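Student: I should be grateful for a close look at one part of this structure. Please explain each term as you use it.

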Amino acid sequence: MKILFVASEVTPFAKTGGLADVTAALPKTLKRLGHDVRIILPFYSEVERGGHGIRKGRKSVEVPIGGVMKKGLFRHSTLGDIPVYLLENREYFSRDHLYGTAKGEYPDNHRRFAFFCRGVLDLLKKMDFRPDVIHCHDWQTALIPLLLKREKGEDLFFRKTGVVFTIHNLAYQGLFPKETLADMGLDSSYFNIDCLEYYGKVNLMKGGILSADLITTVSETYCREIQTPELGDGLDGVLGVRKADLHGVLNGLDYELWDPETDRNIYKNYSAHAPAGKAADKKGLQKSLGLEPAADLPLIGIVSRLTAQKGFDLLAELMPKFAESRLQLAILGTGDEKYLNLLQEIKARGADNISVNIGFHPDLAPKIYAGSDIFLMPSHYEPCGLGQMIALRYGAVPLVRKTGGLADTVFEEGEGGEPNGFTFEEYTPEALWGAVSRALQAFEDKVAWKKLMRRGMTCDYSWDASARKYEELYRLALGKKGR
Ligand code: ADP
Ligand code: GLC
């Protein structure tokens with residue numbers, strides 16, 4: 001099959017979270033299964049800074065945005081043996097961040113990503129590359145299914161192309177004022193309840209959900225949750241309309257990239273069969289973060305975007321308890337101003353058992369996974385979560401709230417299934433602290449802890465099984481095109 005991945009971030013070119021991991025690892029697995037896979041993303045400053053052996057391409061596109069024709073150039077690179085195309089437009093993508101700053105989103109994101117979506121479709125024709133399936137990810141690419149259905153419905157070039165739209169996070173919907181429609185080159189016929197209109201605004205995610213041949217999301221539990229008013233973010237009704245075409249497929253982890261046996265970012269390599277090196281990783285991390293290099297103190301790690309999603313409200317309430325307990329806490333994160341301020345405050349209080357590291361640091365993250373005994377993800381909601389899967393692989397026992405993909409991957413003793421971590425259900429500081437206390441107690445029994453750690457390290461959350469499920473879904477999407 002010829003499969004095109006369209007995404008706003010892809011590892012190692014540009015990354016703010018797990019989306020980038022998925023849009024690199026799934027294509028790699030599909031390529032190994034024998035498919036012709038290609039990837040397209042914007043050419044951000046971050047991509048340019050990274051090098052990546054990028055070459056200038058010859059193809060250019062011109063698309064109507066904001067009432068004028070905007071030009072874009074395509075550059076080329078590769079991810080292993082997968083061709084990667086990068087859409088360049090200095091006005092839209094040469095910026096410090098991908099989507100906005102700590103203060104908020106860039107105000108012209110609708111123009112930036114409408115330009116990207118239209119540019120992608122234009123490029124495919126210019127290259128004469130007709131994918132069997134276009135796999136789009138999150139609201140930034142949601143215009144593609146919509147344009148293919150409405151604007152290009154009669155276009156023979158795309159008539160047999162199936163579109164799969166994956167929701168990685170329903171809370172980010174691409175909501176814009178009505179007036180932005182024209183900016184995106186869309187007329188008022190798009191502004192109705194069966195299309196983009198959503199409480200008087202334009203909702204791009206809604207357009208993607210209603211127009212794609214199939215919709216997927218990134219775990220089975222999240223798939224059920226988003227069909228309820230509690231976690232449906234106002235789109236549970238819209239998802240209900242597409243219920244028959246909505247599938248939950250658990251993400252996998254790139255086991256080549258995330259492997260403590262070969263990871264060059266950590267102090268000492270180790271594996272499930274020879275885990276002794278992990279002690280050196282803990283010591284190295286403690287020293288580098290200015291924590292006491294004590295082997296017997298349980299070290300709890302957090303690597304996270306700083307948003308309400310990730311449970312920082314609970315953590316904030318528990319900080320005094322963490323500061324006075326016999327444990328160490330290593331936090332790495334960046335994101336919303338509110339939580340950045342919170343972390344600055346924690347740092348300023350100067351508890352000597354808590355290390356706060358602000359920023360996006362791909363070299364420090366693996367050191368935290370490798371050096372931690374426990375990895376914390378007290379998320380309010382979590383579509384899938386890759387952090388807990390990385391932690392499992394690196395022998396950091398995950399402690400998670402039972403929601404979304406966390407509920408599908410982490411199990412505590414007594415829950416049925418092989419225990420590999422600690423869980424809590426109620427979104428309260430008390431419930432979180434209860435799980436922390438159980439983990440700290442379990443840590444005291446060294447023999448049992450090693451067993452728990454090793455069991456986590458040998459869980460299989462690789463992409464193999466899920467990539468097969470996507471293959472099936474692609475075939476289903478093609479079936480809808482009469483193929
Ligand atoms: P989300 O996509 O919601 O942020 P995931 O758990 O799916 O959550 O994926 C997070 C990914 O981003 C992981 O690969 C994690 O290691 C990485 N990550 C998150 N925050 C940082 C950070 N501050 N520095 C480096 N890597 C980070
Ligand atoms: C989103 C979700 C996260 C998921 C990731 C990759 O960022 O917040 O839970 O793992 O996408 O699908």
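Tutor: Let us begin at ligand 1, where a polar backbone atom of Gly 387 lies 3.0 Å from an oxygen atom of the ligand. The model is a predicted one, in which local features need pLDDT of at least 70 and side-chain atom pairs count only at pLDDT 80 or more, while totals for chains, interfaces and linings use all residues. Residues are numbered from 1 along each chain as its sequence is written, chains are lettered from A and ligands numbered from 1 in the order in which they are written, and side-chain values use heavy atoms, with hydrogens and water left out.

The pair at Gly 387 is a polar contact, a term for two N or O atoms within 3.5 Å of each other; within protein, one must be able to donate a hydrogen and the other to accept it, and residues adjacent in sequence count only if both atoms are side-chain atoms. Two lysines also make such contacts through their side chains: a polar atom of Lys 310 lies 2.7 Å from an oxygen atom of ligand 1, and a polar atom of Lys 15 lies 2.9 Å from an oxygen atom of ligand 1. Taken alone, ligand 1 exposes 570 Å², of which the protein buries 93%. Such areas are computed by the Shrake-Rupley method with a 1.4 Å probe; for residues, only the protein chains shown count as cover.

The wider shell around ligand 1 has 24 residues, and those that come nearest are Gly 18, Arg 305, Lys 310, Tyr 369 and Leu 386. A residue is near a molecule or strand if one of its heavy atoms lies within 4 Å of it. By type, this shell divides into 10 nonpolar, nine polar and five charged residues; Ala, Val, Leu, Ile, Met, Phe, Trp, Tyr, Cys and Pro count as nonpolar, Asp, Glu, Lys and Arg as charged, and the others, Gly among them, as polar.

Helices H1 (18–32), H13 (364–371) and H14 (387–393), together with strands E15 (299–306) and E16 (328–335), each supply at least two residues of this shell. E15 gives the most, with three. Helices (H or I, at least four residues) and strands (E, at least two) are DSSP runs, numbered from the N terminus. Finally, ligand 1 lies between domain 1 (2–252 + 464–479) and domain 2 (275–460), because both give residues to its shell; the domain bounds come from an automatic or database domain assignment.
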